[in-house]
2 protein chains.
Amino acid sequence: VISGILFGVISLAVLEFVSLSGIKIRAPLLIISHGLLIGAWFTFQQPPLAVVVVLVIVSNGIFYLIAENVREGLDSFIRDISVQVFVVFYLYFPLYYILELVRLGQLREYGAHYFFFLVAVIAVGDSGAYFVGRAVGKRRIYPVASPNKTLEGLVAAVTTGALAGWGATAVFTVDRIPAPVALLTGGLLALVSQVSDPVESLFKRSAGKKDSGSILPGHGGILDRLDSYIFCAPLFYYLIIYFWH
Amino acid sequence: VISGILFGVISLAVLEFVSLSGIKIRAPLLIISHGLLIGAWFTFQQPPLAVVVVLVIVSNGIFYLIAENVREGLDSFIRDISVQVFVVFYLYFPLYYILELVRLGQLREYGAHYFFFLVAVIAVGDSGAYFVGRAVGKRRIYPVASPNKTLEGLVAAVTTGALAGWGATAVFTVDRIPAPVALLTGGLLALVSQVSDPVESLFKRSAGKKDSGSILPGHGGILDRLDSYIFCAPLFYYLIIYFWH
């Protein structure tokens, strides 16, 4: 069930991503079916991930071999095939780690508490960066990708994220980890969140778009809600696996 | 040792691919190190493949976040980052299945005989397609990608490939599979070889280049030697795993 919901939400994010970045996708059904394959691997461990990678490459190759026969010119071919592969590994793959987090939590009888921990840290860290950055932010870190992000905001994100991580271990039943580990995890995730988000912004800006909400007014902003999780969900999963005992 | 040689050969193929397709690679070292990661996974099963995929995505994201800050304009960003990810999964990943084939052969005490089987089938099938296509070929299948490939050549490839597969089981000690299975495997691999090769040609033609040998005269043609293996090596590996008992 979670896997199905996740697939739907990520697919909407993919749709939004495609729309925001102005990329013309030649075979949307191929991307959706590759998303399903990745979902199947995360859910059932079948087919093996190596088979999924091979299928993504081969099916795109065959699709374009047929498609280019009936088209004028090959000028956008390299970009088109590369983007179709990229979107699958950039959105479906990392975001499916949310499922891994929920499942690992259930396995250890914490339900979705790992996921709640991550949501709390990212939400608090992003808010910290936003308010402090707006109040006292001067030194821009990514003038091209995210002009609103400042060094002051980054420091605030790490600080508030660390505190949120510490607080979250008190609120949600998760592994009894020492306070320093909770603080470090929270700070690190908040830091990476401040990297994950502007990478996504590059795609928007590359297409000359600045506002995400106006493109899909109905359900706008799904991708903006999820962009921090692209890097943070896998990172948090491996932090738990390797460092939370 | 085999893994190291394979890494070197594939890296040369990647170099040639990049040169042929006219793609400007912004971070070649990133591609090489991702190739090493994929090689490590095939060789040692470590780090887990999922970690490799995450690392490829995250390191490219961080690289471009930094790189775009000091550059004018973002117009080619989406293509650049996508191609950097694509090349890794299109060349290193499928071609490393050659290592899997050799290793599976060693495990079953056939040495590199699985690999020799594949080489024989592809070489014979390609030659069959070439000579028959040139002699009687009329109906072009991929006018855009490979104008020399004809339906007559394709039929010849499948026929001679099937016979080569049958013959190869007699020459090389491999699993005692019945003649129909050897014929089917040979025919199927020769067929897929006739698909794998023109997909690679699309990249050349997209950049307006027709002759591969002239670009890297010293060691030219590595990619042209390997292009059939991109789709055939993984396919043959799974055919053995699932159907050759």
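## Interface and backbone of a two-chain predicted model

About 4,100 Å² is buried between chain A and chain B, with carbon and sulfur atoms giving 84% of that area; buried area is the accessible area (1.4 Å probe) that two parts lose on being put together, summed over both. On the side of chain A that touches chain B, the elements giving two or more residues are α3 (49–67), α4 (77–95), β1 (140–142), α8 (179–206) and α9 (222–243) of chain A. Helices (H or I, at least four residues) and strands (E, at least two) are DSSP runs, numbered from the N terminus. The contact (heavy atoms within 4.5 Å) takes 45 residues from chain A and 45 residues from chain B.

This is a predicted model: local features need pLDDT of at least 70, side-chain atom pairs count only at pLDDT 80 or more, and totals for chains, interfaces and linings use all residues. Residues are numbered from 1 along each chain as its sequence is written, chains are lettered from A and ligands numbered from 1 in the order in which they are written, and side-chain values use heavy atoms, with hydrogens and water left out.

B:Phe93 is in contact with A:Ala50, A:Val53 and A:Val54, among others, leaving aside its neighbours within four places in sequence.

Two peptide bonds are cis:

| Bond | Omega | Place of the proline |
|---|---|---|
| A:Gln46 to A:Pro47 | about -15 degrees | loop between α2 (28–44) and α3 of chain A |
| B:Gln46 to B:Pro47 | near -10 degrees | loop between α2 (28–44) and α3 (49–67) of chain B |

In the α2 to α3 loop of chain B, B:Gln45 has a positive phi near 60 degrees.
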